[in-house]
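Please open the model in your viewer and keep the sequence panel beside it, since each stop below asks for a selection before saying what is found there.

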Amino acid sequence: MKAVGVHNSLPVVEPNALEDVDIPAPVASGRQLLVRVRAISVNPVDTKIRMTAGSRLDFPRILGWDCAGIVESVGEQSADFKPGDQVYYAGDVTQPGCNSQFHVIDERLVGKKPASLSFEDAAAMPLTTITAWEAMFERMGIPMDPETNKDRSILIIGGAGGVGSIAIQLAKKLAGLKVYATASRPQSEQWCREMGADAVLNHREELEDECKRNGIEGVDYILCLVGTAQYWRAMADIIRPQGKLCLIVDTESNQPVNINLFKPKSVAITWEFMFTRARFQTADMAEQGALLTRAAALFDQGELRHTRTEHYGDLSATNLLKAHAKLESGSMIGKLVLSVA
Ligand SMILES: NC(=O)c1ccc[n+]([C@@H]2O[C@H](COP(=O)([O-])OP(=O)(O)OC[C@H]3O[C@@H](n4cnc5c(N)ncnc54)[C@H](OP(=O)(O)O)[C@@H]3O)[C@@H](O)[C@H]2O)c1
């Protein structure tokens with residue numbers, strides 16, 4: 001089958017940082033599904049793994065952890081899907097990704113594709129939806145109850161990116177929180193408002209000052225999607241006593257953070273890593289497939305909207321490299337996708 005892979009970790013400006021390859025198609029076994037991939041999306045994890053995959057690899061590392069496609073065949077223990085089912089999923093970063101014509105995936109990580117979305121629009125959604133959902137509803141335990149949350153608020157740092165775009169919607173539509181997002185450009189600010197943000201703060205300014213300017217006297221929850229160390233002090237200042245903070249991005253080793261800043265307010269600090277369930281094969285890993293199927297119903301009911309903003313053509317090394325370059329620019333608004341022929 002055709003795929004795009006990495007033989008050598010190279011900067012995105014190198015034309016062979018990604019290569020078109022021909023590799024054997026995988027076979028589904030156990031609880032796996034063999035999926036005919038129809039569309040994929042790209043996330044910062046792809047560019048990070050491209051840069052750390054290694055050099056002169058004998059077998060190419062296949063990237064890609066956002067997929068929409070059709071079940072081609074199922075493993076002997078599969079119980080939840082059958083050939084012909086339309087599915088979408090993020091998958092498992094410890095396994096080959098979906099930048100290929102066919103892909104095998106544990107069915108517990110797979111959701112039914114939203115019927116109302118094209119494969120391309122559906123492929124834009126799994127990884128970011130899982131991240132935002134797990135971060136807010138599982139790690140921070142935000143009740144999905146607008147009545148309970150009517151006086152509560154959340155600050156989403158990095159609101160216009162892939163995760164932020166769906167996080168704003170989930171926080172507003174499902175939790176009924178007052179949502180403050182950050183963005184630094186007119187077009188990313190506008191996008192955050194379209195996603196449902198009540199106010200947008202400029203993260204190029206001091207966030208504490210931006211809060212004062214917007215009459216925000218603290219927030220109950222903070223979802224920090226970028227710049228963990230950069231915003232550490234501001235977050236300690238802005239969060240309310242007994243609030244909750246969720247992080248999704250590592251700090252750099254040269255940027256230690258002082259956890260004590262959050263003690264006076266008894267803030268609960270938690271991490272979200274959306275590959276935890278797959279990586280450790282946790283007993284509840286089927287929750288991820290269930291979450292995606294639940295989100296699919298919300299897309300179909302018009303409660304949530306997809307966040308695809310760009311289409312980079314068919315899957316090829318050339319097109320995928322352009323997509324990686326866009327992600328690496330740090331200026332993504334919503335999500336980009338590629339079709340798979
Ligand atoms: N732990 C996990 O499970 C998990 C899951 C998904 C993603 N992640 C990580 O989370 C990060 C965000 O992912 P993503 O998919 O949302 O990325 P993305 O789509 O590439 O994010 C782009 C957005 O980031 C904003 N941004 C850039 N620099 C910023 C800064 N210094 N401060 C605030 N905002 C800034 C930009 O807003 P403006 O243009 O308005 O400045 C842009 O709209 C990545 O590092 C990714 O690897 C982790």
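**First stop: a three-stranded sheet**

In this predicted model, begin with the open sheet of three strands, which are arranged in the order β2-β1-β4 and paired in the antiparallel sense. Its edges are formed by β2 (19–22) and β4 (61–62), each of which pairs on one side only. Now select strand β1, residues 2–6, together with β2: the two are antiparallel and are joined by four bridges. To see one of these pairings at the level of residues, display A3, whose bridge partner in β2 is V21.

**Second stop: strand β3 and its partners**

Select next residues 32–41, which make up strand β3; this strand is mostly covered, with nine of its ten residues buried. Three pairings of β3 can be followed from here.

- Add β7 (residues 102–106), which pairs with β3 in the antiparallel sense over five bridges; within this pairing, L33 stands opposite I105 of β7.
- Add β5 (residues 67–74), where seven bridges join the strand to β3, again in the antiparallel sense; here A39 has A68 of β5 as its bridge partner.
- Add β16 (residues 335–339), which runs antiparallel to β3 and is joined to it by three bridges; in this case the residue to display is I40, which stands opposite L338 of β16.

**Third stop: the surroundings of the ligand**

Centre the view on the ligand, which is surrounded by 32 residues, the closest being P44, G161, G162, S184 and S188. If you colour by secondary structure, the elements that give two or more residues to this shell are α1 (44–52), α3 and α4 (162–174). Of the elements, α4 gives the most, with three residues. Recolouring the shell by residue class shows 15 nonpolar and 15 polar residues, with two charged ones.

**Fourth stop: I157 in strand β9**

Move on to strand β9, residues 153–157, and select I157 within it. Is I157 buried or exposed? Taking 20 or more other C-beta atoms within 10 Å as the criterion for burial, I157 is buried, because 26 such atoms lie within that distance of its own. Leaving aside residues up to four places away in sequence, its contacts are T182, H203, C224, L225, V226, G227 and Y231. A distance label between I157 and Y180 is also worth adding: 23 residues separate the two in sequence, whereas their C-alpha atoms are 8.5 Å apart in space.

**Last stop: helix α9**

Finally, select helix α9, residues 286–300, and draw a line between its end C-alpha atoms, which are 21 Å apart; this agrees with the 21 Å that its 15 residues should span at 1.5 Å a residue. Then display the side chains of Q288, G289, L291, L292, A295, A296 and F299 where they have them, since this is the list of buried residues in α9. Turn the view until you look down the axis of α9: the buried residues fall within an arc of 155°, so they line one face of the helix. The pattern can be read against a general rule: an α-helix has 3.6 residues a turn, so residues three or four places apart point the same way. To see what covers the buried residues of α9, add the elements that include β6 (86–89), β8 (111–112), α3 (126–139) and α8 (276–280). The tour ends just after α9, at G302, where the backbone takes a positive phi of about 80°.

Key. Residues numbered from 1 in each chain as written. Predicted model: local features only at pLDDT ≥ 70, side-chain atom pairs only at ≥ 80, totals over all residues. Pairing = 2+ DSSP bridges. Expected span 1.5 Å × (residues − 1). Buried ≥ 20, exposed ≤ 12 C-beta atoms within 10 Å, placed from the backbone. Arc of directions from axis to C-beta. Contact = placed C-beta atoms within 7 Å. Near = placed C-beta within 6 Å. Nonpolar A, V, L, I, M, F, W, Y, C, P; charged D, E, K, R; others polar.
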